[in-house]
Amino acid sequence: MQMVVGVLAALVTASLAAAQTPGTATVQVVDPSGGGIPHAIVVLKNETRALDATADVTGLATPSARAGTYELVASGDGFETCTQSIRLAAGRTRRVEIE
């Protein structure tokens, strides 16, 4: 009986840890010619939260958030704001190019 309880406790602990592990979006923000947009703002948002990140000089941003479906919004000075839907999985990295 103690062994069964120990196994169940281990499974519950592992399940909770996985549920709390964030997913990461590696977002490359590019202009129509394919060049990176330096310092673009990337926002991940859903019904309960919004998280923003600033791209580096190559247009790359790597925001992390809980697993789920998000609206990804990217904007940069002098460029139109672009939006697309993405799904993040716990412990996984999702690569996205947005123009």
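**Strands, sheet and loops, term by term**

Modeller: Read along the sequence, the pattern here is α-β-β-β-β-β-β-β-β. This is a predicted model, where local features need pLDDT of at least 70, side-chain atom pairs count only at pLDDT 80 or more, and totals for chains, interfaces and linings use all residues. Residues are numbered from 1 along each chain as its sequence is written, and side-chain values use heavy atoms, with hydrogens and water left out.

Biologist: How many helices and strands does that pattern hold?

Modeller: One helix and eight strands. Both are DSSP runs numbered from the N terminus: H or I over at least four residues for a helix, E over at least two for a strand.

Biologist: What makes strand 2 and strand 3 a pair?

Modeller: Pairing takes at least two DSSP bridges between two strands. Strand 2 (residues 41-45) and strand 3 (residues 50-54) have five and run antiparallel, so they pass. In strand 3, Leu51 is the bridge partner of Leu44, and Ala53 is that of Val42. The two strands form a hairpin, with four residues between them.

Biologist: Which strand does strand 2 pair with over five bridges besides that?

Modeller: Strand 6 (residues 68-75), again in the antiparallel sense. Leu44 stands opposite Leu72 there.

Biologist: Why are strand 3 and strand 7 said to stand at the edges?

Modeller: The sheet is open, has four strands in the order 3-2-6-7, and pairs antiparallel. Strand 3 and strand 7 (82-88) each have a single partner strand, so one side of each has no neighbour in the sheet. From one strand to the next the twist averages 25°, with axes fitted as lines to C-alpha atoms (for helices, over the stretch in contact) and angles running from 0 to 180 degrees between N-to-C directions.

Biologist: Which residues of strand 2 are on the covered face, and which on the uncovered one?

Modeller: Val42 and Leu44 are on the covered face, while Ile41, Val43 and Lys45 are on the uncovered one. In a regular strand, side chains alternate between the two faces of the sheet.

Biologist: Over to the loops. Why does Gly59 count as buried?

Modeller: Buried means under 20% relative accessible area, exposed over 50%, partly exposed in between (1.4 Å probe, protein chains only). Gly59 has 0% relative accessibility, so it counts as buried. Gly59 lies in the loop between strand 3 and strand 4 (60-61). Leaving aside neighbours within four places in sequence, its contacts (heavy atoms within 4.5 Å) include Val27, Val29 and Pro38. Gly59 and Pro38 are 21 residues apart in sequence, yet 4.5 Å apart C-alpha to C-alpha.

Biologist: How do you know that Asp31 has no salt bridge?

Modeller: A salt bridge needs a side-chain nitrogen of Lys or Arg within 4 Å of a carboxyl oxygen of Asp or Glu. For Asp31, the nearest side chain of opposite charge is Arg95, 13 Å away. Lys and Arg count as positive, Asp and Glu as negative, and His and the chain ends are not counted. Asp31 is buried all the same. Beyond its neighbours within four places in sequence, Asp31 is in contact with Ile37, Phe79 and Glu99, and its place is the loop between strand 1 and strand 2.

Biologist: What is the phi of His39, which is not a glycine?

Modeller: Positive, about 60°. His39 is in the loop between strand 1 (23-29) and strand 2.

Biologist: And what share of the 99 residues is buried?

Modeller: 30%. Of the contacts with a separation of 6 or more, 50% come from residues 24 or more positions apart.
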